[in-house]
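Let us walk through this structure by following how its parts are arranged and how they meet.

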Amino acid sequence: MTGPLKIWGSRRRMHISFLLHNAYGIGGTIRTTFNLAQALAERHDVEIVSVFRHRDEPQLGAPAGVRLDYLVDLREKSHGYDGGDERFKLPAKVFPVGDGRHKQYSRLTDARIATHLKSTEADVVVGTRPGLNVHITRQTRRGPVRVGQEHLTLAGHSYRLRRELSHRYGLLDAVTTVTEADAHAYRTRLKLPGVRIEAVPNSVPAPLVAPADHDAKWVVAAGRLTRVKRYDLLVEAFAKVVAARPDWRLRIYGSGDASGNEKNALHALIGELGLHNHVFLMGPASPIEPEWVKGSIAAVTSEHESFGMTIVEAMRSGLPVVSTDCPHGPREIITDGRDGRLVPVGDTGAVADALLGLINDDEQRRAMGAAALASSARFDPEHIAERHEALFAELVSRGGNGRSRSRIHDALYSSRGAVLDGAYSLRYKAASVLRKGQTA
Amino acid sequence: MNTTPTRTEPPRADCIADSAGGITFDIVGEASPGAVLVLRRRGGTTAADVVRLPLTPTGEGRLRAVLPSTVELAEGRWDAFTTHGDDSAEQRIEPGIRDLRSLVDRAPDPHRTQVAVRIPYPTVDGRLAVRCWLRAPHAEAGTIGFSHGAMTLEGRLYGAGLDSGAVAEARLRGARKDVHRVPVTVRPDGTFTFTLDYEPLAEGRGDEQRLWDLWLCPAEAEPGQAAGIRIGRILDDVWDKKGVFRYPVLPVEGSRVTRPTTAYPYFTVDNDLSVRLDTLR
């Protein structure tokens, strides 16, 4: 993690505009954007423009002091319902095919987002997913600072999307990632001269409940019940914990996916291992803070984390976290042996040993919990917002220069983008013909 | 571009539960002389089914109501409202932060004559309610073990003087005289244990599904009739156990079982313990 950025120039009031897929749903990007927007709104004019609106109120509650706008109305009962627009059924041309949300975008979103970006009066325009960052590179009027946020990871994107980003992101002023590891990937794997690439972690507010007291004999885990979280590994590790310490139990919070397959598989595993008195699938809980403090240790056994939001949440509640040392986030959050434990990915025995180490040593559990509480304060929305603010302010203040540089630079990039676009689609077609040939 | 209009938020209460059964409700709002938090028992019709708790200012624009452990609430679901005087309408409350850590592994004094449990929870329509149990005496279910077509329950008695001759009864729901009895071991420290074979519960009936409710009773009582103690699990923070406490579904075997049958224990919507048997056609 880099040190605090220097604030360039005076702290002038900025107009900051976030472009978000859907501010009315539930999700990590939405929550993080709300936290950041609300913190920035204390000193700046902040708006969130949601591409879609499918319900009357944001499920996560509207962030205070932030203007919330939307572009496409999906509420069938609303008089402004946009589903009848003929462009709504035509596939998007601007929003990239490689972004997993492409199917939800259309010729209508192409046009509405363009109208918004061509007329925005913001000083800073911030995109919150690759497809929207591409919109910003192609449709924002000359003037505003353009920032593309990456909430997942470059490595997690398809080859096709990475190719597109490599020739579009040159028209951004900055890309922010949530981990240093991902910033490194952007710096080394995409050639983006003149584009600032900064890692700024997600923020987590201080919980509204008192921290855990480390007396409860419970281990807590939380997150969606999906394969990548490897809760099966956690349950297996916990069988070893119970063999040594039957007085300790495990709660796993989170909802299953639509299929329910992972939840059913976990129930079956719990039954098979005879852990029905010790391991409980609690279902979803919101807010989650009062659930963390019912435990004394948190566990994360993922094989991949783009950031590791639950690790920070648990630490802010005063819990030491035993986490797999998976890419990308955990090792940038936890200092092994000081404020938590990092164990090899996929190693049931290592997870069990680390849990038992903290279970059997009350003093170490308390000390690491206290260290976790202290060190996780660096993720407070105020600190994180200051880092974004410093980056935005620096880019705005260098605006004149940067823009005149980028007039030529932009022209180069635009033409390079168009050429590559054409070349790429030819190549893609050729490759797809080849693949079809092979499978035929 | 379209802008979301602002709206007036319904009141939201943060709750803290203490291990004795008391609850503190904190609400953002302006002080007014008639401000009260009202709890109404769902389906209740008498004066005892309404409790009014004064909302007093605690500074910083917050109001607090306290439900002391000494105020008795009947078993059931109590919906929470606020009102600012006799003339103003009652408003439902949204649940905020519910700090229930004190309830997680409750161990009340076993010599108390009754066990009272109050858990603030969000209803399915997103409102605040309080789930209450009031049992005197009470039989708390603990761990359940399984072997050879039988389940063994470990539990603890509160406020009851059951002697060594006590029995556990499985009572078939909907058929008052269909009762199966097994002996119970009651230890001096108030813990008890019994083993229930599934085979007799499967015997001689053609129903596809049977639900057996589990009770503790004095030995001399008439089967199924005595004022027994319904076995439940209420001494924690989980107001709805049905989906959380899941036990293995085991085949029921034996010479008296003629068709493929499975059995498993489960908690009812009232967190009482029952056994469900399913027979395939």
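**Two domains and the interface between them**

In this predicted model, the centres of domain 1 of chain A and domain 2 of chain A, taken over C-alpha atoms, are separated by 33 Å. The domain assignment gives domain 1 of chain A as 15-203 + 383-434, and domain 2 of chain A as 218-379, so the reader can trace both on the chain with these bounds, which come from an automatic or database domain assignment.

Where the two domains of chain A meet, 14 residues of domain 1 are in contact with ten residues of domain 2. The size of an interface is often given as the accessible area lost when the parts come together. For domain 1 of chain A and domain 2 of chain A, the area buried between them is about 1000 Å², with 63% of it on carbon and sulfur atoms. On the side of domain 1 of chain A, the residues that lose the most area to domain 2 of chain A are A:T153, A:T179 and A:N202, which together account for 36% of what that side buries.

Turning to polar interactions, the rule finds zero salt bridges across the interface of domain 1 and domain 2 of chain A, whereas two residue pairs, both at pLDDT 80 or more, are in polar contact between these domains. On the side of domain 1 of chain A that touches domain 2 of chain A, α5 (180-189) and α13 (381-397) of chain A each supply at least two residues, and α5(A) gives the most, with three residues. By class, that side of domain 1 of chain A has five nonpolar, seven polar and two charged residues.

Notes
Residues are numbered from 1 along each chain as its sequence is written. Chains are lettered from A and ligands numbered from 1 in the order in which they are written. This is a predicted model: local features need pLDDT of at least 70, side-chain atom pairs count only at pLDDT 80 or more; totals for chains, interfaces and linings use all residues. Side-chain values use heavy atoms; hydrogens and water are left out. Contact means heavy atoms within 4.5 Å. Buried area is the accessible area (1.4 Å probe) that two parts lose on being put together, summed over both. A salt bridge is a side-chain nitrogen of Lys or Arg within 4 Å of a carboxyl oxygen of Asp or Glu. A polar contact is a pair of N or O atoms within 3.5 Å; within protein, one must be able to donate a hydrogen and the other to accept it, and residues adjacent in sequence count only if both atoms are side-chain atoms. Helices (H or I, at least four residues) and strands (E, at least two) are DSSP runs, numbered from the N terminus. Ala, Val, Leu, Ile, Met, Phe, Trp, Tyr, Cys and Pro count as nonpolar, Asp, Glu, Lys and Arg as charged, and the others, Gly among them, as polar.
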